[in-house]
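Thanks for coming. I have one chain to go through today, and I will put it up now.

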Amino acid sequence: MSKPYDDLLKNKQTNHLATSLERMASAGATIPPKLNKQFNRLQYLTTIARLILATILGQTLADSCQVVYATNNKLTISLPSATAVNHARYLQTSCFEALISHEDFACFTELHFIISMAHKNKKLAHQNKTIRSKKPLNETIKQTITQTADIVITNPKLRSRLLVLLENIHVKDDNQIN
């Protein structure tokens with residue numbers, strides 16, 4: 001083998017399909033120590049909070065909670081839905097008393113509950129992927145689509161296919177009771 005090929009084999013090639021984080025890790029990048037320390041602290045507090053809150057909120061809800069903010073006196077816990085947050089806020093005094101009884105939470109004077117953005121984003125993505133319920137068109141909408149097809153669509157094949165499709169769609173009777 002020639003010298004240039006030896007150099008290519010020694011240098012590790014990055015996966016071009018990898019995410020930017022994977023490429024950075026491959027290059028030897030690490031999380032800054034201060035950020036890593038904060039992350040580990042939040043993870044530790046989350047583990048303890050889940051154990052404590054399980055008796056008050058129930059195991060399922062406690063397992064979904066995440067400590068997302070913890071400063072000298074303020075503790076913020078995220079939950080997956082508005083219903084869960086409302087339930088936790090209803091029991092906020094009990095939750096706070098249980099948490100501050102543990103030495104790692106004794107320094108906090110405020111407790112807040114928020115909806116997790118990660119859960120919101122997953123829910124929105126799921127809603128965008130799901131097919132909307134098949135509601136029948138009413139006659140007015142069908143007429144509007146037909147008129148628009150006649151006026152706007154210039155391709156005769158496309159216009160005829162759209163009109164055939166409209167003929168096969170179930171139309172809701174406006175007088176029908178749901």
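Of the contacts in this chain with a separation of 6 or more, 58% are between residues 24 or more positions apart; contact here is heavy atoms within 4.5 Å. Before going on, the conditions: this is a predicted model, so local features need pLDDT of at least 70 and side-chain atom pairs count only at pLDDT 80 or more, while totals for chains, interfaces and linings use all residues. Residues are numbered from 1 along each chain as its sequence is written, and side-chain values use heavy atoms, with hydrogens and water left out.

The inventory next. The chain has nine helices and five strands, taken as DSSP runs numbered from the N terminus, H or I of at least four residues for helices and E of at least two for strands. Read from the N terminus, the order is α-α-α-α-β-β-α-α-β-α-β-α-α-β. Of the 178 residues, 20% count as buried, where buried is under 20% relative accessible area, exposed is over 50%, and partly exposed is in between, with a 1.4 Å probe and protein chains only. The exposed area of the chain is about 13700 Å², and carbon and sulfur atoms supply 57% of that. Areas are from the Shrake-Rupley method with a 1.4 Å probe; for residues, only the protein chains shown count as cover.

Now the sheet. Three strands form an open sheet in the order β1-β2-β3, with mixed pairing; two strands pair if DSSP finds at least two bridges between them. β1 and β3, the latter at 110–115, are the edges, and each has a single partner strand, so one side of each has no neighbour in the sheet. On average, neighbouring strands are turned by 25° against each other, direction ignored.

Which sense does each pair take? β1 and β2, residues 74–79, are antiparallel over four bridges, whereas β2 and β3 are parallel over six bridges. A hairpin of three residues joins β1 to β2. On the β1 side, Gln-66 has Ser-78 of β2 as its bridge partner, and Ala-70 has Leu-75. Ser-78 also stands opposite Ile-114 in β3.

What lies on the sheet? Helix α5, residues 82–90, lies across β2 and β3 and runs at about 160° to β3. Helix α6, residues 92–100, also touches β2 and β3, with its direction at about 120° to that of β3. For these angles, axes are lines fitted to C-alpha atoms, for helices over the stretch in contact, and angles run from 0 to 180 degrees between N-to-C directions. Five of the six residues of β2 are buried, so β2 is largely enclosed by the rest of the structure.

Last, the surface. Val-68, Tyr-69 and Ile-114 make a nonpolar patch of about 240 Å². Patch residues have over 30% relative accessible area and no salt bridge; nonpolar side chains (Val, Leu, Ile, Met, Phe, Trp, Tyr) are joined within 5 Å, like charges within 9 Å. A salt bridge is a side-chain nitrogen of Lys or Arg within 4 Å of a carboxyl oxygen of Asp or Glu.

Val-68 is in β1, residues 66–70, and is partly exposed because its relative accessibility is 35%. Phe-39, in helix α3 at residues 33–57, is partly exposed at 48%. The C-alpha atoms of Phe-39 and Val-68 are 9.2 Å apart, with their positions 29 residues apart along the chain.
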